[in-house]
Amino acid sequence: MAKKNIGIQGFTLPMPQTILGSRHEGRNNFMALAWVSRVNYNPALMMISVGKRHFSNVAIKASGEFSVNIPSVDMVEVTDFVGLVSGAKLDKSGLFEIEPGLLQNAPLISKCPVAIECKVFDSMELPNDTLFVGEVVATWCDEDVLTDDEPDIKKVNPFTLTMPDNRYWGVGDCVGRAWHDGKKLT
């Protein structure tokens, strides 16, 4: 089948939908964030991309800390909401109950089954965004989403974002095992 060039707006399908947590000027702030990825094994590093005009960008630059909170599908509406309004215009600190973590400026959302605390390791200014690389300080999981002390994707029940159609999707069935199923081809 022939391929068709659909322009420069290529996105990986799907992207993990998370809620970015930051703290600035004495209050917690939250932003919907799908531009996030693990980028290094040891040290454990995560990359996030945050628009330069976002309140969260200012907060992370000021504190050097952030959290990546993984919401479950029952949080689609509030996750979308925190991506629609700026923390500069609306105080979003009361939207979530917060759990204590190791960092002061990386709020952990109690209702999110998984939350990751990060300290800024490095950053890079892009034309419209800042690419923050955070070193993972701690990963917090609700005990009821663990199987053999590891997050169980079915129990976490996360959702993803696809672009450019701007839709949220639940996670489907397991279709294979990484670093295992391809061995039969060697």
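# Sheets, cores and salt bridges in a predicted model

User: Which residue in β6 is the bridge partner of Ile-19?
Analyst: In this predicted model, Ile-19 has Asn-69 of β6 as its bridge partner.

User: How do you know that β2 and β6 pair, and which way do they run?
Analyst: Two strands count as paired when at least two bridges are found between them. Strand β2 (residues 18-24) and strand β6 (residues 65-70) are joined by 3 bridges and run antiparallel, so the requirement is met. Both strands belong to an open sheet of 7 strands, ordered β3-β2-β6-β9-β10-β5-β4, in which the pairing is antiparallel.

User: What makes β3 and β4 edge strands?
Analyst: Each of them, β3 (27-33) and β4 (36-40), has a single partner strand, so one of its sides lacks a neighbour in the sheet. From one strand to the next, the twist of this sheet averages 35 degrees.

User: Which helices lie across this sheet, and at about what angles do they run?
Analyst: Helix α1 (residues 55-63) lies across β2, β3, β5, β6, β9 and β10, and it runs at about 55 degrees to β2. Helix α2 (residues 76-84) lies across β2 and β3, running at about 105 degrees to β3.

User: Why is β5 described as largely enclosed?
Analyst: A residue is called buried when its relative accessible area is under 20%. In β5, 7 of the 7 residues are buried, so the strand is largely enclosed by the rest of the structure. Leu-45, Met-47, Ser-49 and Gly-51 point one way, while Met-46, Ile-48 and Val-50 point the other way, and all are buried.

User: How do you know that β5 has partners in β4 and β10?
Analyst: At least two bridges are needed for a pair. There are 4 bridges between β4 and β5 and 7 between β5 and β10, so both pairs qualify. Arg-38 stands opposite Met-46 in β5, and Gly-51 stands opposite Asp-129 in β10. β4 and β5 also form a hairpin, with 4 residues between them.

User: Which residues of the largest nonpolar core touch the most other members?
Analyst: This core has 17 residues, and those touching the most other members are Leu-20, Leu-33, Ile-48, Val-50, Ile-60, Phe-66 and Ile-116. At least two residues of the core come from each of β3, β5, β6, β9 and β10. A second, separate core has 8 residues, including Ala-32, Val-82, Phe-96 and Cys-112.

User: What is Ile-60 in contact with, beyond its neighbours within four places in sequence?
Analyst: The contacts of Ile-60 are Leu-20, Ser-22, Ile-48, Val-50, Glu-65, Phe-66, Val-120 and Phe-132.

User: Is Asn-29 called buried or exposed, and why?
Analyst: Asn-29, which is found in strand β3, has a relative accessibility of 1% and therefore counts as buried, the limit being under 20%.

User: What makes the pairing of Asn-29 and Ser-56 a polar contact?
Analyst: Their side chains are joined at 3.0 Å, and the cut-off for the N or O atoms of such a contact is 3.5 Å. Ser-56 is also among the residues that Asn-29 touches, which include Leu-20, Phe-55, Lys-92 and Pro-107.

User: Why is the pair Glu-125 and Lys-52 called a salt bridge?
Analyst: The N to O distance between their side chains is 3.6 Å; because the limit is 4 Å, the pair qualifies. The two residues are 73 apart in the chain, with Glu-125 in strand β9 and Lys-52 in the loop between β5 and α1. Lys-52, Lys-61 and Glu-125 are linked in a network of salt bridges.

User: Why is Glu-125 classed as it is for accessibility, and what of Lys-52?
Analyst: The partly exposed class lies between the limits of 20% and 50%. Glu-125, at 44%, therefore counts as partly exposed, and Lys-52, at 33%, is partly exposed as well.

User: How many salt bridges does the structure hold, and where does the one between Lys-154 and Asp-173 lie?
Analyst: The structure holds 6 salt bridges. In one of them, the side chains of Lys-154 and Asp-173 meet at 3.3 Å, N to O. Lys-154 is in helix α3 (residues 153-156) and Asp-173 in the segment after β14, 19 residues apart, and both are exposed.

Key: Residues are numbered from 1 along each chain as its sequence is written. This is a predicted model: local features need pLDDT of at least 70, side-chain atom pairs count only at pLDDT 80 or more; totals for chains, interfaces and linings use all residues. Side-chain values use heavy atoms; hydrogens and water are left out. Axes are lines fitted to C-alpha atoms, for helices over the stretch in contact, and angles run from 0 to 180 degrees between N-to-C directions. Contact means heavy atoms within 4.5 Å. A nonpolar core is a set of buried Ala, Val, Leu, Ile, Met, Phe, Trp, Tyr and Cys residues joined through side-chain atoms within 4.5 Å. Buried means under 20% relative accessible area, exposed over 50%, partly exposed in between (1.4 Å probe, protein chains only). A polar contact is a pair of N or O atoms within 3.5 Å; within protein, one must be able to donate a hydrogen and the other to accept it, and residues adjacent in sequence count only if both atoms are side-chain atoms.
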